[in-house]
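Colleague: Could you walk me through how to read the features of this model, starting with how exposure is judged?

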Amino acid sequence: MASHRNDPDVIRDLLHTPATWAVVGLGDNPDRTAYRVALWLQRELGMRLVPVHPSAATVHGSTGYASLSDIPDGSVVKVVDFFVNSDHVGAVVDEAIAERERLGIEALWLQLGVVDEDAAARAEAAGLAVVMDTCPKIEFPRVQPGDGADAVTG
């Protein structure tokens with residue numbers, strides 16, 4: 001199988017289009033990377049957050065849910081951002097694929113160090129854009145708005 005390659009136009013579109021991001025692995029521990037990156041997404045990029053963590057904690061003013069399937073009907077989540085160990089991300093990717101239609105999911109972002117080629121291939125086969133093994137905070141300075149806009153939603 002060919003290895004996944006991130007599309008710069010998809011990254012540009014996701015980081016420059018205000019949307020709701022479900023952040024899997026986002027709990028209320030300020031020492032965790034997920035906590036800090038989600039706060040950056042919210043404050044710097046204007047993204048709305050949906051924390052997804054077994055604790056279902058409210059984080060950064062946003063109500064948390066234990067799983068993607070617990071997010072209420074009528075919610076729209078454009079991006080699912082994964083702060084999950086690579087060994088476990090496949091099952092959560094499969095849940096995102098299953099919830100794609102109900103939640104309006106368009107893209108999956110597997111954070112820096114989170115790699116599952118098979119899960120990425122399943123998601124792409126289901127029609128989802130996939131960004132893998134990088135962080136929005138790393139990618140944002142590399143992309144400019146405009147020339148790749150609507151790569152996901154266009």
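**Reading the model feature by feature**

Modeller: D133 counts as partly exposed, at 37% relative accessibility. The scale calls a residue buried under 20% relative accessible area, exposed over 50% and partly exposed in between, using a 1.4 Å probe and protein chains only. Before we go on: this is a predicted model, so local features need pLDDT of at least 70 and side-chain atom pairs count only at pLDDT 80 or more, whereas totals for chains, interfaces and linings use all residues. Residues are numbered from 1 along each chain as its sequence is written, and side-chain values use heavy atoms, with hydrogens and water left out.

Colleague: Where does D133 sit, and what is the sign of its phi?

Modeller: D133 is in the loop between β5 and α5 (136–139). Its phi is positive, about 65°, although D133 is not a glycine. As for the labels, helices (H or I, at least four residues) and strands (E, at least two) are DSSP runs, numbered from the N terminus. H60 is another non-glycine residue with a positive phi, near 55°. H60 lies in the loop between β2 and β3 and is buried, with a relative accessible area of 18%.

Colleague: Which residues does T134 touch?

Modeller: Contact here means heavy atoms within 4.5 Å. Not counting residues up to four places away in sequence, T134 touches N6, W109, L110, Q111, L112 and E139. T134 lies in the loop between β5 and α5, and its relative accessible area of 5% makes it buried.

Colleague: Now the sheet, please. What is the strand order?

Modeller: Two strands pair if DSSP finds at least two bridges between them. Five strands form an open sheet in the order β2-β1-β3-β4-β5, with parallel pairing. β2 (48–52) and β5 (129–132) stand at the edges with a single partner strand each, so one side of each has no neighbour in the sheet. On average, neighbouring strands of this sheet are turned by 20° against each other, direction ignored. Axes are lines fitted to C-alpha atoms, for helices over the stretch in contact, and angles between N-to-C directions run from 0 to 180 degrees.

Colleague: How many bridges join β1 to β2?

Modeller: Five bridges join these parallel strands, and V24 stands opposite V52 in β2. β1 (residues 20–24) also pairs with β3 (residues 79–82) in the parallel sense, over four bridges, with D81 in β3 as the bridge partner of V23. β3 and β4 are parallel too, joined by four bridges, where L108 in β4 is the partner of V80.

Colleague: Which residues cover the two faces of β1?

Modeller: T20, A22 and V24 on one side and W21 and V23 on the other are all buried, so to speak of faces, both are covered. β4 also has both faces covered, with buried A107 and W109 on one side and buried L108 and L110 on the other.

Colleague: How should I read a helix such as α3, and which strands does it lie across?

Modeller: An α-helix has 3.6 residues a turn, so residues three or four places apart point the same way. Helix α3 (residues 86–103) lies across β1, β3 and β4 (107–110), running at about 170° to β3. The buried residues of α3 are packed against β1, β3, β4 and α4 (117–125); among them are V89, V92, V93 and A96.

Colleague: Where is its kink centred, and what span should α3 have?

Modeller: The bend at a residue is the angle between axes fitted to the seven residues ending there and the seven starting there. In α3 there is a kink of about 30°, centred on I97. The expected span is 1.5 Å times one less than the number of residues. For the 18 residues of α3 that gives 26 Å, and the end C-alpha atoms are 23 Å apart, which agrees.

Colleague: What happens at the start of α3?

Modeller: A polar contact is a pair of N or O atoms within 3.5 Å; within protein, one must be able to donate a hydrogen and the other to accept it, and residues adjacent in sequence count only if both atoms are side-chain atoms. At the start of α3, a side-chain oxygen of N85 comes to within 2.7 Å of the backbone nitrogen of D87. After α3 comes G104, with a positive phi near 75°.
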